[in-house]
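The following report describes a two-chain model, moving from single residues to whole chains. Please read it alongside the sequence and the coordinates.

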Amino acid sequence: MDQTGPHTWPSYLLCAATLIVMGIAGVDAWVIAASGLVWIGSIWILTLRPPPPQVAPQQDPFRTDKMSELIEFSGTPILLVDHGRISVANRAARKLLGKHIVGQDMRVAFRHPEAIRLLDKQNGGFTQIVGLVRRRDVWRMNRKVLSDNLSVVELLNQTAEVDIARAHTDFVANASHELRTPLASIIGYVETLQESDTKVAEATKHKFLSTILAEANRLQSLVSDLMSLSRIEAEKHEQPRERVDLKPLIETASRDAAGLERVPRLTFNLAAGLTVLGDQRQLEQLVRNLVDNALKYGGPDGAVNVSLSRTDNDEALISVADQGEGIPAEHIPHLTRRFYRTDPGRSRASGGTGLGLAIVKHIVERHRGRLDIASQQGQGTVVSARIPLVDGKAS
Amino acid sequence: MNEHTVKAFDEDITRLRGLIAEMGGLSELSIHEALDALIRGDEELAAGVIKRDKKIDALEAEVDKLAIRIIALRAPMADDLREVIAALKIAGVVERIGDYSKNIAKRVSDIEDRKKFEPLTLLAAMGEVASEMVHDVLTAYAARDPVLAKEVIATDEKVDAFYNSIFRNVVSYMVENPATISSAAQLLFIARNIERIGDHATNVAEMVHFAATGFYPPDEDS
């Protein structure tokens, strides 16, 4: 029996040999029998004893090679710190902190004092670190102690969240600023009119009143823009169900936006029979905003071309082109941000709210479309919206 | 770096590098906070920077002790020796960078009427470049990356150019607003401190280059 450990037959052999030798030497038979009994008995007991339980090779639950396989492809940077040294860093961590960190002191990888304080702590925890790798990035560092010297460090990038939180506060700050500016001039003029009861000449009074009216109008359009923006955002996730024929809609909306004076500047190039699933009022607003922008910023007499066509991908392409001075490339990515202005003085003078393109973008997104802005300085700007056609798949 | 037969030696070197990185992290934060405190006039933050310098000094002493111990006990050769010598020198320089940050922090309370002080914005921009240099050079040290070290050396020109323009700017500001001369003079000292931080970052970069390759980068502007 292999499992009983050492082979037993040599013991019996040895026992037998000894007894025979004792017999030859003339030892008393009883003594031989007794010692033989004790000997064989003890061997027998020994072999009967259950084998000691097989001790499995010490399986460390945190074997580092197993661990590294486990975490290697995680998208979050994860590191294993052993005796203050980084023993394993997964791919994301190596990408973030550099290939050299494996095997180095943990302080070489994280030299930020906050991080070191966390790493020096007896028990794990978490901390938020600004500027861990690059300036102004925000990381949350989680550390879990596994055993005496071994701990896992996980890094979570929170830069985007912090940015969003900042964008929210920025929005509130901007909105209140934009609301307060017209209010301030309204209050100022009204106070002047109230105090100096007779001294103000009739002409000046008239001028004051028209400024008040203009500012009040601006306030009104700002409030209605803000409201439509929040309404569009609220129903962002439900796709509109109405069937809308684009050609007549674009024609009327463009004329509305232009008003009697500016209508002659419009040229149309509209394909008929394009129907999309949409929200009639929002699509009108989209066209109005685009046309109004083009007329406002496209130079005093520049023509504005509104076109509608069908793309190869079964989308309706609405594009509005002006012949203005164009927009510098660095502004283009930010144009759809709320209250973003390329030139604060000019757009405020022209009565813009700073929300027009933000509204357009949200409307296009709600219609599952795409908004593109292309601009060539000195030649003009083309804003185009693509919206999937209702019969796209069927035809 | 290859592993050494004597494992304890590896551990010593790793610890040495760790200590330097920790010092670097502290002084990096000090520069940031000193400049922040300067711009916003936050004296509490400045006091924190001044206090932190003690810790940097203590770490430098620890680095010195460890480096001497390594040389005495292990008699390192070739790149190991370069590594230890560079660590010793870098620790001294990083400590100086911490000192400059402390100096900036000390002057925070001496500047009055900072809202109207235009040269302050220039200083902030200059400080940004200098602290970027310190950040990059520490990363280069951690990665033993001579290429990044060379880039840091090249950036020093920018800081020097900033220094010159700030000097002119502040001097003309003094001429126009004699009432602010005492504050403006403080700004000159601060600009000088930031310029020194840039120079020291360059020094560290040279040592990183030395430790990695065995020779100092060729002097390009001479």
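Arg368(A) sits in the loop between α12 (356-366) and β11 (370-376) of chain A; helices (H or I, at least four residues) and strands (E, at least two) are DSSP runs, numbered from the N terminus. Although Arg368(A) is not a glycine, its phi is positive, about 60°. Its relative accessibility is 37%, so Arg368(A) counts as partly exposed; buried means under 20% relative accessible area, exposed over 50%, and partly exposed in between (1.4 Å probe, protein chains only).

This is a predicted model, in which local features need pLDDT of at least 70 and side-chain atom pairs count only at pLDDT 80 or more, while totals for chains, interfaces and linings use all residues. Residues are numbered from 1 along each chain as its sequence is written, chains are lettered from A and ligands numbered from 1 in the order in which they are written, and side-chain values use heavy atoms, with hydrogens and water left out.

Chain B also has a non-glycine residue with a positive phi: Arg144(B), at about 50°. Arg144(B) lies in the loop between α4 (119-143) and α5 (146-176) of chain B. Because its relative accessibility is 25%, Arg144(B) counts as partly exposed.

Gln186(B) belongs to helix α6 (residues 181-213) of chain B. With a relative accessibility of 16%, Gln186(B) counts as buried. Beyond its neighbours within four places in sequence, Gln186(B) is in contact with Arg107(B), Asp110(B) and Ile111(B), where contact means heavy atoms within 4.5 Å.

Three spans carry annotations in unreviewed UniProt entries. UniProt lists "domain: PhoU" for residues 20-108 and 125-208 of chain B, and the feature "transmembrane region" is placed by UniProt at residues 12-45 of chain A. UniProt positions are given in the numbering used here, feature names are shortened, and annotations may be inferred rather than shown by experiment. The table gives the computed geometry of these spans.

| Span | Helix | Strand | Distance between end C-alpha atoms |
|---|---|---|---|
| Residues 20-108 of chain B | 92% | 0% | 28 Å |
| Residues 125-208 of chain B | 93% | 0% | 26 Å |
| Residues 12-45 of chain A | 91% | 0% | 13 Å |

How many helices and strands does each chain have? Chain A has 12 helices and 12 strands, whereas chain B has 6 helices and 0 strands.

For chain A, the radius of gyration is 42 Å, against a value near 21 Å for a compact globule of 395 residues. This radius is taken over C-alpha atoms, and the globule rule is 2.2 Å times the number of residues to the power 0.38. The C-alpha trace of chain A spans about 150 × 65 × 35 Å along its principal axes. In chain B, the radius of gyration of 19 Å agrees with the value near 17 Å for a compact globule of 222 residues. Its C-alpha atoms fill a box of roughly 65 × 40 × 20 Å along the principal axes.

Of the 395 residues in chain A, 37% are buried; of the 222 residues in chain B, 50% are buried. Among contacts in chain A between residues at least 6 apart in sequence, 56% join residues at least 24 apart. In chain B, 84% of the contacts with a separation of 6 or more are between residues 24 or more positions apart.
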